[in-house]
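Student: Could you pick one part of this structure and walk me through it slowly? I am new to it, and I would love to see how a single region connects to what lies around it.

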Amino acid sequence: VEVGAQAGSGAVELTVRDHGPGISPEVLPRLFEPFFTTRPAGQGTGLGLAVSRHLLAAQGGTVEVANAPDGGAVFTLKLPPA
């Protein structure tokens with residue numbers, strides 16, 4: 001896992017990247033939907049990313065996810081400067 005941070009263009013940007021297989025194209029658009037999960041029944045509620053996006057939006061921020069061109073997933077959080 002790699003974590004990075006940079007400031008600029010009116011926001012602080014944090015990135016979290018892994019080097020796994022990435023996120024399947026079928027799952028990627030639904031990742032932030034409340035109660036969406038790829039885990040078996042009883043092993044997760046599917047609320048974590050939806051709540052995270054809501055909390056960031058309440059502070060004027062965003063969170064996005066994409067597959068890295070060379071593999072793995074990249075989450076990008078953008079926060080307004082304090």
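Tutor: Let's begin with a term we will need: a polar contact is a pair of N or O atoms within 3.5 Å, and within protein one of the two must be able to donate a hydrogen and the other to accept it. Please also keep in mind that this is a predicted model.

A quick overview will help you find your way. The protein has one helix and four strands, and along the sequence they follow the pattern β-β-α-β-β. The C-alpha atoms fill a box of roughly 40 × 30 × 20 Å along the principal axes. Of the 82 residues, 22% are buried. Among contacts between residues at least 6 apart in sequence, 43% join residues at least 24 apart.

The part I would like to show you is the hairpin of β3 and β4. Strand β3 covers residues 62–67 and strand β4 covers residues 73–79; the two pair in the antiparallel sense over six bridges. One of the residues in these bridges is Thr62, whose partner in β4 is Lys78. Five residues lie between the strands, and in this hairpin Gly71 takes a positive phi near 110 degrees.

Now to the polar contact I promised. Asn67 is found in strand β3, and the side chain of Asn67 reaches the backbone nitrogen of Ile23 at 2.7 Å. Is Asn67 buried, exposed or in between? Asn67 counts as partly exposed, because its relative accessibility is 33%, and that class lies between the cut-offs of 20% and 50%. Leaving aside neighbours within four places in sequence, Asn67 is in contact with Gly22, Ile23, Leu28, Gly72 and Ala73. You can also compare sequence and space here: Asn67 and Pro21 are 46 residues apart in sequence, while their C-alpha atoms are 8.8 Å apart.

Ile23 leads us to the next feature. The largest nonpolar core has nine residues, and Ile23 is one of them, along with Val27, Leu31, Phe32, Phe36, Leu56, Val63, Val65 and Ala73. In soluble globular proteins, nonpolar side chains tend to be buried together. Two of these core members, Val63 and Val65, fall within the residue range of β3, and Ala73 falls within that of β4. Setting aside residues up to four places away in sequence, Val65 touches Ile23, Leu28, Leu31, Phe32, Val74 and Phe75.

Phe32, another core member, has a charged residue over its ring: Arg53 lies over the face of Phe32, at 3.9 Å from the ring centre. Phe32 also meets Ala50, a residue of helix α1. Beyond residues up to four places away in sequence, Ala50 touches Phe32, Glu33 and Pro34. Ala50 is buried, because its relative accessible area is 14%. As for aromatic pairs, a search of the whole structure finds zero.

Back to the hairpin, this time at Thr76 in strand β4. Why does Thr76 count as buried? Its relative accessibility is 14%, and buried means under 20%, so Thr76 belongs in that class. Not counting residues up to four places away in sequence, Thr76 touches Thr62, Val63 and Glu64, and also Glu13, Leu14 and Thr15. The strand β2 covers residues 11–17, so this second group of contacts takes us from β4 to β2.

Arg17 sits in β2 as well, and from there we can return to the turn of the hairpin. A polar atom of the Arg17 side chain lies 3.0 Å from the backbone oxygen of Gly71, the residue with the positive phi that we met earlier. Arg17 is buried, because its relative accessible area is 17%. Beyond its neighbours within four places in sequence, Arg17 is in contact with Val1, Glu2, Ala68, Asp70, Gly71, Ala73 and Val74.

To gather up the picture: β3 and β4 pair in the antiparallel sense. The side chain of Asn67 reaches Ile23, Val65 belongs to the largest nonpolar core, and Arg17 touches Gly71 among other residues.

How values were computed: Residues numbered from 1 in each chain as written. Predicted model: local features only at pLDDT ≥ 70, side-chain atom pairs only at ≥ 80, totals over all residues. Heavy atoms only, no water. Phe/Tyr/Trp six-rings, centres within 6.5 Å; stacked < 30°, edge-to-face > 60°. Lys NZ or Arg CZ within 6 Å of the ring centre and 35° of its normal. Pairing = 2+ DSSP bridges. Buried < 20%, exposed > 50% of the residue type's maximum accessible area, 1.4 Å probe, protein only. Contact = heavy atoms within 4.5 Å. Core = buried A, V, L, I, M, F, W, Y, C linked by side-chain atoms within 4.5 Å.
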